[in-house]
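Hi,

Here is the structure I promised to pass on. Have a look at it first, and my notes follow below.

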Amino acid sequence: MTAAAPVPLLDLKAQFAAIKDEIMPRVAEVFEQQAFILGPHVGRAEEELAAYLGAPHALGVSSGTDALLLALMALGVGPGHGVVTTPFTFFATVGSIVRLGAVPLFADIDPDTYNLDPAKVAELLARQDLPARPKAMIPVHLFGQPAEMGPLMELANKHGLMVVEDAAQAIGVIYPRPDGKTQKAGIIGDAGCFSFFPSKNLGGAGDGGLITCRDDELAEKLSSMRTHGSHPKEKYRHLYVGGNFRLDALQAAVISAKLPHLDSWSAARRSNAADYDRLFSESGILERGQASLPFRAWPEAAESHVFNQYVIRVQDRAGLMRRLGEAKIGHAVYYPTPLHLAECFAGLGHGPGAFPVAEKAAAEVLALPIYPELTMEQKERVVGVIRDYYAS
Ligand SMILES: *Cc1c(COP(=O)(O)O)cnc(C)c1O
């Protein structure tokens, strides 16, 4: 093999180089003002994000994880409650449920989209032997494609469940509703949770997150609980037991500077995905069944995927990963262990085979570089190395 240039899984330096002149003055402004906690930068970012998402309320918080935890806390989820969710997600989705003493009620995923399968959720909710009374549901919009919110919301309404959307990987994605209207993911349920972790589509310079909601009272409660449940006007008067869940002003300044670019970055991710689709189709490995492409649930709706990850399914994944490693091509497995099999959740009592669709996905998925600044040469190299691996 030739010593071709490495292709990283993510190249944040390329993004920063392009927008450094927009970011650094905002950061300097925070320092000039010495207003690091909440203040004008957080307020501004919240207004801009609310407008961008079409959300009546948007509240900056300390991380995507804390967005989930705080949303569940404010909705009153606690010991004895069940929360319906997917086992095929990042740990925080399920961790936030368990941290509150509630019980994750897993339903298996759709093999094509990797999102919660509404039919499996319906089956779960019909059971009489659940370990806890279902109170809420957390659909995850995995890899940047919306979960099937239409049917999931119907089930939630039928069973009286509150819905917290985990939109950490899906900021800005459009959900094409069954009634023909569109809505952004994260503003469909009772609350939507977003992450500004640097590798997310809208990444900060550290940790950060956002909660959106429609209800005014819930927004007030979230805002209070974000600062130890304090009264909005009177200091040292506490209405709830909350926590320190505030978004940092520095992060808010960075997010606000980056937000105007988000749609063009998402478009670039989609265009990279389309190039990969074409290159893989030309490679021959799809017909031979050695790999399969990411499934588009709504191919007619252009903005219905924001490709936080481009995830293919492959045969002989370990061998391919070794080859990609030698060729210095970034790749990752999201996620190698479905959460019902995580060691720390052994107490839930799920064994191998409990959620076979999630388990099969965990054994086969592989994420490839998809960041907006990826060049055609890099995409060709990624597909070329994979094609050659299966040809040899
Ligand atoms: C990243 C992520 C989170 C957590 O966000 P952090 O900001 O890292 O705390 C939660 N859920 C999903 C699906 C994620 O991808």
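H350 is partly exposed, with a relative accessible area of 28%; buried here means under 20% relative accessible area, exposed means over 50%, and partly exposed is in between (1.4 Å probe, protein chains only). You'll find H350 in the loop between α10 (317-326) and α11 (356-364), where helices (H or I, at least four residues) and strands (E, at least two) are DSSP runs, numbered from the N terminus. Its C-alpha atom is 42 Å from that of A51, and 299 residues separate the two along the chain.

Before going further: this is a predicted model, so please keep in mind that local features need pLDDT of at least 70, side-chain atom pairs count only at pLDDT 80 or more, and totals for chains, interfaces and linings use all residues. Residues are numbered from 1 along each chain as its sequence is written, and side-chain values use heavy atoms, with hydrogens and water left out.

On to the strands. Two strands pair if DSSP finds at least two bridges between them. β8 (residues 191-195) is a good place to start: five of its five residues are buried, so the strand is largely enclosed by the rest of the structure. In a regular strand the side chains alternate between the two faces of the sheet. In β8, A191, C193 and S195 point one way while G192 and F194 point the other way, and all are buried.

What does β8 pair with? With β5 (residues 162-166) the pairing is parallel, over three bridges, and A191 is the bridge partner of V164. With β9 (residues 209-213) β8 runs antiparallel, joined by five bridges; there F194 has L210 as its bridge partner.

β5 also pairs with β4 (residues 133-138). Those two run parallel and share two bridges, with M137 partnered by V163. β4 in turn is joined to β2 (residues 81-85) by five bridges, again in the parallel sense, and G82 stands opposite P134. P134, in strand β4, counts as partly exposed at 21% relative accessibility. Its C-alpha atom lies 9.0 Å from that of G80, with their positions 54 residues apart along the chain.

There is also an open sheet of three strands, in the order β10-β11-β12, with antiparallel pairing. Its edge strands are β10 (291-292) and β12 (365-368), each pairing on one side only. Two bridges hold the pairing of β10 with β11 (residues 310-314), and S292 is matched with R313 in β11.

Now the cysteines. A disulfide is a covalent bond between the sulfur atoms of two cysteines. Taking a disulfide as a pair of cysteine sulfur atoms within 2.5 Å, the count is zero. Why is C213 not bonded? The closest cysteine sulfur, in C193, is 10 Å from its own, too far for a bond. C213 is buried, at 6% relative accessible area. C344 is in no disulfide either: the nearest cysteine sulfur, again that of C193, is 20 Å away. C344 is exposed, with a relative accessible area of 52%.

Last, the pockets. The search used a 1 Å grid over the protein atoms alone: a cavity is a set of points where a 1.4 Å probe fits but cannot get out, a pocket is an open set with protein on both sides within 12 Å along at least five of seven lines, and lining residues have an atom within 4 Å of a point. Grid points are joined across faces, edges and corners, and a volume is the space filled by probe spheres set on the points.

The largest pocket has a volume of about 520 Å³. Its lining counts 28 residues, with Q169, F197, S199, K200 and Y335 nearest the centre. α3 (64-74) and α4 (91-99) are the elements that give two or more residues to this lining, and α3 gives the most, with three. By class, the lining has 13 nonpolar, eleven polar and four charged residues; Ala, Val, Leu, Ile, Met, Phe, Trp, Tyr, Cys and Pro count as nonpolar, Asp, Glu, Lys and Arg as charged, and the others, Gly among them, as polar. At least three lining residues come from each of domain 1 (13-108 + 116-260) and domain 2 (262-391), with bounds from an automatic or database domain assignment.

The second largest pocket holds about 310 Å³. It is lined by 15 residues, and S223, S224, S230, H231 and P232 lie nearest its centre.

Cheers
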